[in-house]
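Let's walk through this structure together, one feature at a time. Have the 3D view open and ready to turn as you read.

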Amino acid sequence: MEKCDTLIVGARVIDGTGAPAVERDVAVRDGRIVAMEAPGGLSHWSADDVFDAHGKALAPGFIDVHTHDDTHVIRSPQMMPKITQGVTTVIVGNCGISASPVTLKGDPPDPMNLLGDAAAFRYPTFAAYVDAVNDARPAVNVGALIGHTALRNNHMDRLDRAATADEIAGMRAQLEEALDNGALGLSSGLAYGSAFNAPPEEVQALAEPLAKAGALYTTHMRTEFDAILDAMDEAYRVGRHARVPVVISHLKCAGPSNWGRSVEVLKSIETVREGQPVGCDCYPYNRSSSTLDLKQVTGDIDITITWSTPHPEMAGKLIRDIAAVWNVSQQEAAKRLQPAGAVYHNMSEDDVRRILSHPATMVGSDGLPNDPLPHPRLWGAFPRVLGHYARDTALISLEEAVRKMTGLSARRFGLEQRGEVKVGYHADLVVFDPERVRDAATFARPEQAADGIDAVWVNGVLTYREAALTGERAGRFVARGAASKLDAAGAF
Ligand code: ZN
Ligand code: CU
């Protein structure tokens with residue numbers, strides 16, 4: 001008789017590689033998958049817990065590659081918005097903003113305020129952040145990128161200019177400290193005012209230490225509007241200069257004049273991928289969300305306010321309607337609402353579908369956990385891909401959907417022995433009902449747990465079951481593993 005902690009029997013295993021689902025029994029011991037056999041093959045095993053998963057799918061726990069959960073994993077370690085989706089690992093520090101290493105001079109500059117107010121920034125070194133994550137024992141694992149804007153904040157008196165050589169050296173030293181402590185790479189948010197005046201050379205110089213560490217570069221590009229191809233070129237150039245893989249964050253064709261261009265945008269990635277490792281992530285919605293950006297208040301799309309410091313009562317209302325009530329222009333209304341958060345109705349569904357279904361695309365929620373009226377992607381992104389896009393509209397197979405949220409993601413970000421249901425791998429696992437899984441979060445009622453997520457294990461510990469937390473939290477900081485590798489087929 002062999003002994004293990006948990007036996008999951010009868011599930012259709014979707015292993016994260018894209019391979020067709022097969023029925024398997026799976027044994028878990030000490031946080032790892034220790035055996036996997038065809039039905040009945042583990043009959044000589046006994047377990048403290050036997051989980052009957054007949055009729056259900058068993059997949060690797062989902063990896064949310066694009067989050068702003070930096071401070072949330074510490075403040076709200078239950079991580080309800082994510083664990084209820086079957087997410088077992090989050091990658092924080094995207095879009096140029098990270099909670100560490102950060103030393104503030106006053107209030108956090110836009111958009112670092114998405115991570116919390118000044119009191120939330122208490123990690124002057126990356127090592128301090130790693131300790132805080134492990135002390136908080138979040139329900140999910142945490143991998144971290146270092147934000148270019150966060151580093152600029154630490155070393156520059158003002159952010160509307162280029163960094164000097166000395167400032168870049170200071171930023172690099174902090175990035176290197178973080179890489180030594182397991183950071184996954186560098187992120188940028190070049191579209192935001194706090195980084196827009198950083199020239200390409202600044203980012204290239206900062207990216208130089210990444211290669212030696214086996215780390216990567218992710219970017220919220222300088223623009224996602226009409227000049228998107230130029231912005232993609234800029235991203236590729238950073239990758240070539242620093243000899244590192246590039247991930248384009250939340251790839252989209254923003255703005256009506258840009259709709260339909262996902263064909264050429266994806267073509268660009270395909271062409272470039274023949275010579276260097278490039279990929280992207282996206283969230284499965286045709287509206288974006290961030291802080292309120294006056295440049296995007298052009299009158300050609302609807303914009304919903306999600307929060308406003310001077311006018312909290314305007315949350316949920318369209319700027320157009322607010323402007324009408326106030327009898328001012330939309331620009332003027334937006335100015336009066338600042339600082340504020342917004343949902344932009346700025347994508348076409350065809351583009352979303354084309355980008356999401358492309359083999360180079362991972363799923364990342366880009367959820368904003370500090371927003372009082374968050375974009376529903378925070379609670380719904382992963383079940384929405386499985387339910388709405390894979391099952392209901394047959395955009396991609398279930399196996400391919402799972403690959404985009406597990407195996408592909410782990411390999412790209414260097415998360416070792418995660419992202420697949422495989423003997424020896426960490427037992428980050430989710431059981432879901434392929435017939436019932438669906439996102440429940442809506443723009444009007446965004447804070448709703450998904451349906452059809454039956455059970456979630458993190459590092460072998462049952463954390464969520466029958467729509468309730470078990471009370472156990474077994475997540476931990478995850479350091480960069482072996483360098484994210486590009487295989488010959490360009491599978492990066
Ligand atoms: Zn972003
Ligand atoms: Cu983001």
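In which loop is Q417 found? Q417 sits in the loop between α15 (407–413) and β17 (429–432). Keep in mind throughout that this is a predicted model. What makes Q417 a good place to begin is its backbone: phi is near 55 degrees, a positive value in a residue other than glycine. Most residues other than glycine have a negative phi. As for its surroundings, Q417 has a relative accessible area of 36%, so it counts as partly exposed.

R137 makes a good companion to Q417. Its phi is near 45 degrees, again a positive value in a residue other than glycine. You will find R137 in the loop between α3 and β8 (141–147). With a relative accessible area of 44%, R137 is partly exposed.

While you have the backbone in view, let's turn to the peptide bonds. Most peptide bonds are trans. The bond from D110 to P111, however, is cis, with omega near 0 degrees, and P111 belongs to the loop between β7 and α3. Another cis peptide bond joins Q338 and P339, where omega is about -10 degrees. P339 lies in the loop between α11 and β15 (340–344).

From P339, step back to helix α11 itself. How do α10 and α11 meet? The axes of α10 (residues 319–326) and α11 (residues 330–337) come within 9 Å and cross at roughly 95 degrees. Angles of 65 to 115 degrees count as roughly perpendicular, and α10 and α11 are therefore roughly perpendicular to each other. On the α10 side, the contact is made by I319, R320, I322, A323 and W326, and on the α11 side by Q330, A333, A334, R336 and L337. Sorted by character, the residues of this contact comprise 7 nonpolar, 1 polar and 2 charged.

Now for the metals. Which residues coordinate the zinc ion (ligand 1)? They are C95 through SG, H220 through ND1 and H250 through NE2, at 2.0 to 2.2 Å. Along the chain, these donors follow the spacing C-x124-H-x29-H. H220 lies in strand β10 (residues 216–220) and H250 in the loop between β11 (246–248) and α9 (262–273), so this pair ties together parts that are 30 residues apart in sequence. Both H220 and H250 are buried.

The copper ion (ligand 2) has as its protein donors H66 (NE2), H68 (NE2), C95 (SG) and D366 (OD), lying 2.1 to 2.3 Å from the ion. The spacing of these donors along the chain is H-x1-H-x26-C-x270-D. The angles among the 4 donor atoms run from 85 to 164 degrees, and the site is irregular. H66, in the loop between β6 (62–64) and α1 (72–75), and C95, in the loop between β7 (87–92) and α3 (126–136), link distant parts of the chain, 29 residues apart. H66 has 0% relative accessibility and therefore counts as buried. C95, at 3% relative accessibility, counts as buried too.

What joins the two sites? The zinc ion (ligand 1) and the copper ion (ligand 2) are 3.0 Å apart, and C95 coordinates both. If you centre your view on C95, you can follow the zinc donors H220 and H250, and then the copper donors H66, H68 and D366.

Notes: Residues numbered from 1 in each chain as written. Chains lettered and ligands numbered in written order. Predicted model: local features only at pLDDT ≥ 70, side-chain atom pairs only at ≥ 80, totals over all residues. Heavy atoms only, no water. Donors = N, O, S within 2.8 Å, 3.2 Å for Na, K, Ca; no water. Helix = DSSP H or I, 4+ residues; strand = E, 2+ residues; numbered from the N terminus. Buried < 20%, exposed > 50% of the residue type's maximum accessible area, 1.4 Å probe, protein only. Axes fitted to C-alpha atoms, helices over the stretch in contact; angles between N-to-C directions. Parallel < 35°, antiparallel > 145°, perpendicular 65-115°, else oblique. Contact = heavy atoms within 4.5 Å. Nonpolar A, V, L, I, M, F, W, Y, C, P; charged D, E, K, R; others polar. Tetrahedral: all angles 85-135°; square planar, octahedral: opposite > 155°, others 65-115°.
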